[in-house]
Amino acid sequence: MASPDGRFYAVAEYRTYWSFIPRFQLGSALDSPGFVTVFTSDGIPCGRTSLPMLQDFAHLQSSADAAEIPFVAQWNLHKRTVHPRE
């Protein structure tokens, strides 16, 4: 997912072993925990944090100097830092 101005992008990932753990419902892979990393357009990481569920990645919001997944983490894109929320 890229920021509206194209200066930053985010990548979500998960551990492959989660795909081998049985689920109660089909198609619930998005319930798996994972990670999200925000990068500058040059590929420099601004920070990585864990996601309780991969589906939280869809709630990523960005502005000129910040990115946020509500209740999960906030990134300061100029300082290239992330602050997880607990």
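This passage walks through the fold, the strand pairing and the buried core of the protein.

The model is a predicted one, and its mean pLDDT comes out at 84, with 81% of the residues at 70 or more. Among the strands and other elements, confidence bottoms out in β4 (residues 61–62), at a mean of 89, and peaks in β6, at 95. Where pLDDT is low, the predicted coordinates should not be read in detail.

As for the overall layout, the protein has seven strands and zero helices, so the pattern along the sequence reads simply β-β-β-β-β-β-β. Of its 86 residues, 31% count as buried. The accessible surface adds up to about 5700 Å², and carbon and sulfur atoms hold 57% of that. Looking at contacts with a separation of 6 or more, 42% come from residues 24 or more positions apart.

On to the pairing, beginning at the N-terminal strands. Strand β1 (residues 8–13) runs antiparallel to β2, and six bridges join the two; here valine 11 sits opposite threonine 37 of β2. On to the next pair: β2 (residues 34–40) is also antiparallel to β3, again over six bridges, with glycine 34 bridged to leucine 51 in β3. β2 and β3 make a hairpin with four residues between them, and glycine 43 in that turn shows a positive phi of about 90°. β2 therefore pairs with both β1 and β3. Most of β2 is covered, too: six of its seven residues are buried.

A second hairpin shows up further along the chain. β6 pairs antiparallel with β7 (residues 81–84) through four bridges, and asparagine 76 has threonine 81 in β7 as its bridge partner. Four residues separate β6 and β7 in this hairpin, where arginine 80 in the turn has a positive phi of about 60°.

What about the inside? The largest nonpolar core holds 16 residues, and those with the most contacts within it are Val36, Val38, Leu51, Leu60, Ile69, Trp75 and Leu77. Two or more residues apiece come from β1, β2, β3, β5 (66–69) and β6 (73–76). In soluble globular proteins, nonpolar side chains tend to be buried together. Isoleucine 69 gives a good look at this core: leaving aside residues up to four places away in sequence, isoleucine 69 touches Val36, Leu51, Asp56, Phe57, His59, Leu60 and Trp75. Of these partners, Val36, Leu51, Leu60 and Trp75 also appear among the core residues with the most contacts.

Threonine 49, a residue of strand β3 (residues 45–51), is worth a stop as well. Threonine 49 counts as buried because its relative accessibility is 6%, against a cut-off of under 20%. With residues up to four places away in sequence left out, the contacts of threonine 49 are Gly34, Phe35, Val36, Ala73, Trp75, Val82 and Pro84. Val36 and Trp75 thus turn up as contacts of both threonine 49 and isoleucine 69.

How values were computed. Residues are numbered from 1 along each chain as its sequence is written. This is a predicted model: local features need pLDDT of at least 70, side-chain atom pairs count only at pLDDT 80 or more; totals for chains, interfaces and linings use all residues. Side-chain values use heavy atoms; hydrogens and water are left out. Buried means under 20% relative accessible area, exposed over 50%, partly exposed in between (1.4 Å probe, protein chains only). Contact means heavy atoms within 4.5 Å. Accessible areas come from the Shrake-Rupley method with a 1.4 Å probe; for residues, only the protein chains shown count as cover. A nonpolar core is a set of buried Ala, Val, Leu, Ile, Met, Phe, Trp, Tyr and Cys residues joined through side-chain atoms within 4.5 Å. pLDDT is the predictor's confidence in each residue, from 0 to 100.
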